[in-house]
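Q: Please give me a close look at one part of this model, the small open sheet and the helix that lies across it, and then follow that helix to what it helps to enclose. I would like the terms spelled out with their cut-offs as you go.

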Amino acid sequence: MTRTDEELHGAGGLLDRDGLPDWLAPVDRAARTVAPEQLSRFLPPEDGAGRQSAVLVLFGEGARGPELLLMERSGSLRSHAGQPSFPGGALDPEDGDPAGSGPLRAALREAQEETGLDPAGVQLFGVLPRLYIPVSGFVVTPVLGWWRDPSPVGVVDPAETARVFTVPVADLTDPANRATAVHPRGHTGPAFLVESALVWGFTAGVIDRILHYAGWERPWDRSKRVPLDWRS
């Protein structure tokens, strides 16, 4: 069943689907119809445990067409050090209700703090169901945005961010850039080898599911494996 914007975490009027480019329509449709279990087997604990957080899944349009904004976390961080990720982080009290518009405000605030992004140029158009990252205990709301008016971005605090970059969707859907990441503990998951980076874990999982449910996925060799080290 299609969910209305009002039902999507009580977005408080911050969601706007008007004027999106036609190529984003499949992503918009997927966001309003996908079920949590279709995105991940790791869902928020039923007892409400976990630290509420949000990430900004920001689509822009570059020289090679649609693209996504990503960043690489500093290698000195205690959590997910060195990993490519979406901008985002934990909700602050001033962000508001975690069950309401809090995740949307947090996603924009964190993106501005981490990449220098101007939130005024971002049109939020949807959210995906909340997911869980067991290793860090975060309950994450992926917030979808259209980079309507692009602004300069880059590393704001080197202690938190190593670099900020965009990845063309064409590269993410290219079968040559896809692989299965294998953790030493035996866990496996989708991975992308793009922009001199290995994107894996939570971020790769969200990208993989968006590509799939938007109908953008191309057949790729799932037997192609990339090992991760123990620090991952």
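A: In the hairpin formed by S9 and S10, with 5 residues between the strands, Gly186 adopts a positive phi near 105°. The model is a predicted one, in which local features need pLDDT of at least 70 and side-chain atom pairs count only at pLDDT 80 or more, while totals for chains, interfaces and linings use all residues. Residues are numbered from 1 along each chain as its sequence is written, and side-chain values use heavy atoms, with hydrogens and water left out. Element names follow DSSP runs numbered from the N terminus, helices being H or I runs of at least four residues and strands E runs of at least two; two strands are said to pair if DSSP finds at least two bridges between them.

The two strands of this hairpin belong to an open sheet of 4 strands, ordered S11-S10-S9-S12 and mixed in its pairing. Strand S11 (197-199) and strand S12 (225-227) form the edges, each with a single partner strand, so one side of each has no neighbour in the sheet. From one strand to the next, the twist averages 40°, where axes are lines fitted to C-alpha atoms (for helices over the stretch in contact) and angles run from 0 to 180 degrees between N-to-C directions.

Taking the pairs one by one, S9 and S10 run antiparallel and are joined by 5 bridges, with Ala181 having Gly189 of S10 as its bridge partner. Towards the other side, S9 pairs with S12 in the parallel sense over 3 bridges, and here Ala181 stands opposite Val226 in S12. Ala181 thus appears in both pairings, facing Gly189 in S10 and Val226 in S12. Strand S10 (residues 188-194) pairs with S11 in the antiparallel sense, again over 3 bridges, and Phe192 stands opposite Val199 in S11. How enclosed is S9? Because 4 of the 5 residues of S9 are buried, this strand is largely enclosed by the rest of the structure; buried means under 20% relative accessible area, exposed over 50%, and partly exposed in between, using a 1.4 Å probe and protein chains only.

The loop between S10 and S11 holds two backbone features. Glu195, which is found there, has a positive phi of about 50° although it is not a glycine, and counts as partly exposed because its relative accessibility is 34%. Ser196 is found in the loop between S10 and S11 as well; its phi is near 60°, a positive value in a residue other than glycine, and at 80% relative accessibility Ser196 counts as exposed.

Helix H5 (residues 201-213) lies across strand S9 (178-182), S10 and S11, and runs at about 85° to S10; contact here means heavy atoms within 4.5 Å. H5 is also among the elements that cover the buried residues of H1, a set that includes strand S1 (51-62), strand S5 (122-127) and strand S7 (138-147). Those buried residues are Pro26, Val27, Asp28, Ala30, Ala31 and Arg32. Of these, Asp28 has its place in helix H1 (residues 25-33) and counts as buried because its relative accessibility is 8%. Apart from neighbours within four places in sequence, Asp28 is in contact with Arg17, Leu20 and Phe125.

H1 and H5 come together again around an internal void. The count comes to 1 cavity of 30 Å³ or more, and the largest cavity has a volume of about 50 Å³. On a 1 Å grid over the protein atoms alone, a cavity is a set of points where a 1.4 Å probe fits but cannot get out, and lining residues have an atom within 4 Å of a point; grid points are joined across faces, edges and corners, and a volume is the space filled by probe spheres set on the points. Lining the largest cavity are Val27, Ala30, Ala31, Val34, Leu39, Leu128, Arg209, Ile210 and Tyr213, and the elements that give two or more residues to this lining are H1 and H5. By class, the lining has 8 nonpolar residues, no polar ones and 1 charged, with Ala, Val, Leu, Ile, Met, Phe, Trp, Tyr, Cys and Pro counted as nonpolar, Asp, Glu, Lys and Arg as charged, and the others, Gly among them, as polar.

Definitions and conventions. 1 Å grid on protein atoms, 1.4 Å probe; cavity = no way out; pocket = protein on both sides within 12 Å on 5 of 7 lines; lining within 4 Å.
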